[in-house]
Each structure stands twice: as C-alpha cells, then as structure tokens.
Amino acid sequence: MAEPLLAIHNLHAGYEGQNVLKDVSLDVPEGALITLLGPNGHGKTTLLKCIAGLMKPSGGRIELAGRRIDGAEAERVVDLGVVLIPQGDMLFPEMSVYDNLKMGAYLPRVRKTFSEEVEKIYTILPRLKERTTQLARTLSGGERRMLAIGRGLLSGGRILMIDEPSLGLAPIVIDQIYEIITDLKASGRTILLVEENASRIIDLADRIHLLDTGQIVWAGGGEELQSNQQILETYLGG
Amino acid sequence: MKYRDLIIFAILLAIAIAFPWMGVKRYLIASALIMFCYATVVSQWNLVFGIAGIFSLAQVAIFAFGAYTTAVLGRYMDLTLWYAFPIAGLAGMVFSFFVGLACLRMRGIYVALLTLAISQVMFVLIQTDSACSPLNQRDNPATCVSFTGGAQGLGGFGSFGWRDVLGGRNWILGDYYTMLALLVVALIFTAAVTQSRIGLAFKALRDNEELARSRGVSVFKYQLIVFAASAFLTAMAGGFYAAHFGAVGSNLVAFPLLLFLISMLVVGGIGKAWGPLLGAFLLMAADEVFKEFSDWRNIGLGMIVLVFMIFLPEGVAGAIEAVSKRATRLWTALRRRSSA
Amino acid sequence: MNFFIQIIVSGLTFGAMYALAALGLALVWGAFNMLNMAHGIIMTLGAYYALLWAEIWGLPLFFAAPFAAICGGGFGVLVYFISAHWMLRQRNFEVTIIIATFGLGMAAEAGLLKFLREEFRTAPYSQPLSLGADSFLVGDVPVSYQRIVVWAVALVLIMLVGLFLTRTNAGRAIRATAQSRDAARLMGIPVKRVYVMVLALASGLAAISGIMLSSFKDVHPLMGGDPLLKAFIVIVLAGLGNITGALYAALLVGMVEATVKVLVADKYGFTAILVLVIAALIWRPAGLFGQRVVARQ
C-alpha cells in the first residue's frame, strides 16, 4: 500500500494537564475524503488544531508525505500544504470579501495565480462574487461559511481540513455547502472532514472514524456504519 | 501551611523589634524604617493588583496624597500629626474611591493607563504650583511658597514628636517602631482580607470567572471595597513618611518612586503573600549595597523589572514556592520508594 | 476670534503629533495586545537622533529626519527582541508586557539622563511666533510655515500608513493579524515577523513624532514621557485598537488641550484631557467610537 498523504500516529494532546486526545491514529490517503465523526467536545477540533499547528500535541507523530510536521508553527504547516478551514470560520471581519480571499492566497506559491484562481472560486461560489466589496462581518452565516471555504481553497495545498461545515447553518444552506464538498471530492481533492452529523457524510466519505472522549472507537466505510446498528445507537443516537 | 506562615511572621517580627539593639549603625535603622514604609505601600498594592486583580498604578499617587494631606493639615491647620494621619488615611480612601469609581467599568489595561495618567496629572499640578499662597504670606513674603510647595516641596509641618519624648538621640527609635507598627497592621490587614469572604471571592473570580459570576459574586462591589480599604493604610504610610522626613516633594508622585515600588512588587512576586516584604527587603538591601553606583540606580531597577517579568514573572516568592513544591514532591517520592 | 485661530493652530499641531504617536501605539496593540511603555523613549530618541545627525553631519533637518525614523524603527525592533519576544506565551501577557516595557523605558530614560545630560537643547527648531519671513498672518495671528510643514508631514505619513495597510501584502498581513491572529497564521502569515514589523513601523512614526515635538519643546531625556501618556489617553479614548478612531481622538485631544491652554492656563491642559477621558469612558466604556471593536474579533 502506498504511503498515506497524511498520517497520524498515537497522538496525545490536551489543555493544562487534561487529556483531550488519547492515542489517536489516522491515515488520510491521497485523493480520499476521510471523516472524523463524533459529538461535540470530544477532541475533533483539537485534532485538527494539532495537525494545523495551532496547538502542540503532547505525544505522538504527525507526518505529511513521510515528513514530520507535529510541533511545527501553523504558518509553516500551511506552507507545506495542509490547509484548515476552521470552526466558526475565523474570517477577518473588518476586511472586504475580496481582501479575505486575497489573504487566503497570502503564501508566495499561490499569490501569483490569485487573479485566475479567484475567478474559479467565483464560479464555485457565485454568492461571493456578488459581495466582493462587502465587509466580512456583514455577511450572513451561510455566506461566511462559503467565504471561509473559498479562502481555504485559495491557499492551494495538498490536503484540505474542514471543521464542522454544517455547524449553525439552516438545512438548505447545509445542502449547498455539501454540494460544494462533493464537487471538491470529485475534482480529486484530499479532504479531512470533521462532522457531528452522520447523515451528511455517510455516503460521501471513503472512511469514517468515530471519535469518542478523545479516542477513536470505530473506523470503517459508510455502509459498514449504516449496517452497524450498535455503533449508531451508542454514539450517534440512532 | 498557615501555621508555618505564622511562625515565620513571629520570627521576623522578633528580629525587627530587636534590630535597633543589635549594635547596628544609625543609618541602617533609618533605612529599615523606610523599608517598612515601602513594604506597607507595596503590601496594599499587592492587595489591589495581586489579589483583587486590578492593575492600578495609582498606589504611588495615593501614597503621595496621604503625605501631602498630612503636610497641609500640619502646616496650615496646626494640627498635631497624630490627628492628621487618620484624616489623611480617610482622605486617601475618598480619593481612591473616586479613582476606583472611574476605573470600575474598564478593562484592566485601561485602568493601568488611567491611573498612570492620574498620577502624572498630580505630578504636573504640584510641579507647576508656583503662585504664592496667601496661607504662607505670614512667614516671609520674599520666600513665600505655594500651597503645595510646588517644585521645592513643603516642610515645616511637624513630626511624630518623638524628639520631645525620647530625646535628641533616640527619637529615631520612636519613628522606627511607629513605622513597624504600621507595617504589622498592614500585613495583618492584608492577611485578613485575603482569608475573608472578599479574598475568597477574588480567588473564585480568578479561578473561574464565569462560575463565580453565575453564583452572584459581584466584582464591582468587592473591587471598590478593596480599592478604598487598601488606600487607607497607603495614605497613612504617606503621612508617616512625611512625618519622618519632615518634608514632602513632588518626587513622591514621580516615576522613579513608582519604578522603585513596582520593582519591589515584581521582584517579591505579584499576588504572593510574602512578596511585598521580600521585594522591599531585597531592593532596599540592593540599594544599600550599590550605593556608590547611584547614578546607575534607575537603569538597574528598570532592567531588574524587565528581566523579572521575562524570566520570573512570579517573583522570588513564586520561585521559592515552585522550588519547595518540587522538593516536597521529590521528598514524598523518595519516601514512598524507601518504604516500598 | 484671535483666540479661536490660536486654538486651532496649536490644536492642530498637538493633534498631528499625538496622531503619529498614537497611531503607532494603536497598531502595536492591535497586532498583539502589547502596550508599549517604551514608546515615549523612542520619541525622545527620535528627537535626539535628528538633532545629533543634523549637528554632527551638518545635515538639514529634512534629511536627518528620515534617518532618525529608521533609527527609531530599529530601536523598536530591539524593544521587541529584548522584551515581547520572550513573553508572548505568558498567560497574562497584556499586563506583564506593560510592566516589562515600563522597566525598559525607565532604564533607557535613565541611561539617556546619564549619558546625554549635556546634550540638552532648548526648543532647537522653534521659531518665534511673530510675523517675519517664516510666518504669515491668519486674522491677527502669525502662523509659522514650520507649523504647516508639521501638519503636512503628519498628513502625508498618515495617508502613507493608510495606503500601506490597505494596499500592500505586508499591510494586509498586519490587519489580518490584528483581526484574527489564529486565522492569520492559518493563511501562512508569519505572525512573529508581523509583530516585529509593526513595532518597527510604530517606532519609526514615534521618532518622527518626537522630532515634531522638538519643534516647540526642549530636547531633553525626559521629553517623551508626557506625550506618551497623552498618546495613551488618545487610544483609550478611541477604544484600544481602533486605528482610525485614534486619529480623530488625537485631533480632539489636541484641540481640547489647546483650548484649555489658551483660555485657562498652560498647566491645566493635561488635567482637562484627563477629565475628558474619564468622563468619556464612564459614559462610553468601549471608547468614543461606539461599541464596535474595530481591530479585534
């Protein structure tokens, strides 16, 4: 088997002595859509933060194409090609939509092609094009999420991590967001997706990992999950 | 733990009482009593900043306010200073209460900036106060000074009066024990506040602000109480300072004194029970040792503050705590191993 | 009427100076919540640099000033690496950095007092406020061309900083860092380099502000203390981190100070500003310009 693009080995992490992640291992092969499923507050976001370099893990290894990236600064990790679309969007509220997108293409390797790439983003996310001069803080929740996704896409990179894309959105907007994710997958992007809600990803994911109180308790494909009544009931409330 | 603190306190007090009789030079007695004065101020500052978490820089201004109130009462009202001290304390409280009221709704950083500005305004107002005050005209119109004495400072308002009681040689012992008494009161007061409901409320707020708030701990009320209460002893210390030196000047509100006192707070350990005493002792001792290099004093003090904030933000008291904690852990581990 | 013109003239001058000083403070606070108490000493240094260069090399002030700004910026970088850089991880950074830079500023000030005590200049560039070749009349009030230069320099610099912040990648990186630090890092912005850059920029502006100050005040080791506190008042009044607000607040503070100085007495200028800021904060704790916190999320 080929080496996975992103590999996490026995990761431990926590805040001030409290263990949030315990011995988490996970592989993300090139071109796959891998999901991390589980209730809130069980370490999903912590895992993504550790990978992105916003947090330092207390043990274990994170490797990108065989190269260790754990403990590296966030700005270095994104330069290596790991892009995080964070929970709660984390936009630049006092900047225009266009400037927010431009910040996504801050790295020299993507800066030069920004003017072409941004047009592609506008075709994927046409709503953004209507709002280019508007300040980010004046956008609606769905628009903010789209801007966060667009900004993340402009960072290029080899792997895209999306933290709870459906959080706090109306069902119809969630549908739109998941359409975009489906298209991204179809275009061959490598994606690590964090979700709380199983129904959205069950058909989409190549592999699903169930995270409960900081440990991966189950992993498998969407169909396996659907047929595993016990898992569904215990962790995902039926 | 509390027992240990009490024993340390008793030993230190015994040493302080015996100190003048140990054959030390007179100027060391004078230095020690100034140290008591500063330690009093810093202990009250520690209460406001370290315990209550209000980053106020007005402590020096309150100290100066107390000194000036004492001086003015003694000079213009011919008040015996023993009556002037409590009035100065109360005046300091009122002053501090209004400062606290102005700062109440502000974030910590704003409080620091505003209290700093208040100190500076006080300094400017005293420094530029040069018009001859009618109250001083009776002395000698040619040398008439302004109400606060302006840049020259103000004197001629009396002293503790120990000279009349103890005589020309031993009066300093009177000053010494008076100042020591004030420090003891200040330390007991600080300990009492820290152990009281108010102290516990602040501890709760520090540990978990949301929880404390949801239980109805009102920050504002307690902050205002601490702000005002700590000002009483601070202003008293100012009054005692004025009485000892027989003069006050604008240097009491100037930055060098603020720097000196903040060094004591920082070196001792902000928020640590023994911090102020430790800091005052260490810095007064350093001041004594490096007397010949006095033109380097503020350079050195500034660097000390900087270095401590970078490497030892918890001060010497914090470092001792950490070391002793580690030692205890090591000790118990060793004991467990030997018993196993 | 003359009073009125006099107030406007000196109010604009104070305002221009405070604006440059406060702009730097606000930028640094915005970028990483550092209130730089050593900002005042950089103003002093700026005035000294310009003075010494102008005198030693015989340069006209116009050429000495940019050098002084660069030196001031360099000192800002130094301030970062001997204080903030080691403290970024402290839990109470906002508070500890104030104390640390206070110590640093006092040490630097004491150092200047020790080594430059002899280099004292009485308002080296000040020009007489009488009508001559260097000034013109507005109403009955003589206004020196130097004042016009001060205003123009301030205006141009503020506009340049504005362009820098909105039109360049480095400037956008500064704003992005101020608005959301973690998001900026996720974009690949090296935030520590941004901190250094912001301090350099702010300190350069402070140095220029110090030179402006020496156009009507004595050059002296302690000259920066007073305008530093006023610049702090300006950013508090504007709401910390509100950069455009700081410019308006600087003008307001300058005008109030000038009004009190002209109509009441010189020494009450600072008191009036203080009363203003306390009143403003009781009435509007988040700053004069509304609840909106502009630079922070």
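## Exercises: core, domains and chain contact

Within the largest nonpolar core, 290 residues strong, A:Met161, C:Ala22, C:Val234 and C:Ile235 touch the most other members. Such a core joins buried Ala, Val, Leu, Ile, Met, Phe, Trp, Tyr and Cys residues through C-beta atoms within 7 Å; buried means 20 or more other C-beta atoms within 10 Å of the residue's own, placed from the backbone. This is a predicted model: local features need pLDDT of at least 70, side-chain atom pairs pLDDT 80 or more, while totals for chains, interfaces and linings use all residues. Residues count from 1 along each chain as written, and chains are lettered from A, ligands numbered from 1, in written order.

**Exercise 1.** Find which helix of chain C gives the most to this core.

*Solution.* Take the helices as DSSP runs (H or I, at least four residues). Helix α1 (residues 2-32) of chain C leads, with 19 residues. Next, take C:Ile235. Beyond four places in sequence, its contacts (C-beta atoms within 7 Å) include C:Ala22, C:Leu25 and C:Trp29.

**Exercise 2.** Describe how domain 1 of chain B meets domain 2 of chain B.

*Solution.* Set the bounds by automatic or database assignment: domain 1 (26-252) and domain 2 (254-340). Their C-alpha centres lie 24 Å apart. Now count contacts: 20 residues of domain 1 meet 17 residues of domain 2. On the domain 1 side, α2(B) gives the most, with 12 residues.

**Exercise 3.** Work out what chain B brings to its contact with chain C.

*Solution.* Count first: 33 residues from chain B, 32 residues from chain C. Then rank the elements: α5(B) has the largest share of the chain B side, 13 residues.

Methods: Contact = placed C-beta atoms within 7 Å. Helix = DSSP H or I, 4+ residues; strand = E, 2+ residues; numbered from the N terminus. Buried ≥ 20, exposed ≤ 12 C-beta atoms within 10 Å, placed from the backbone.
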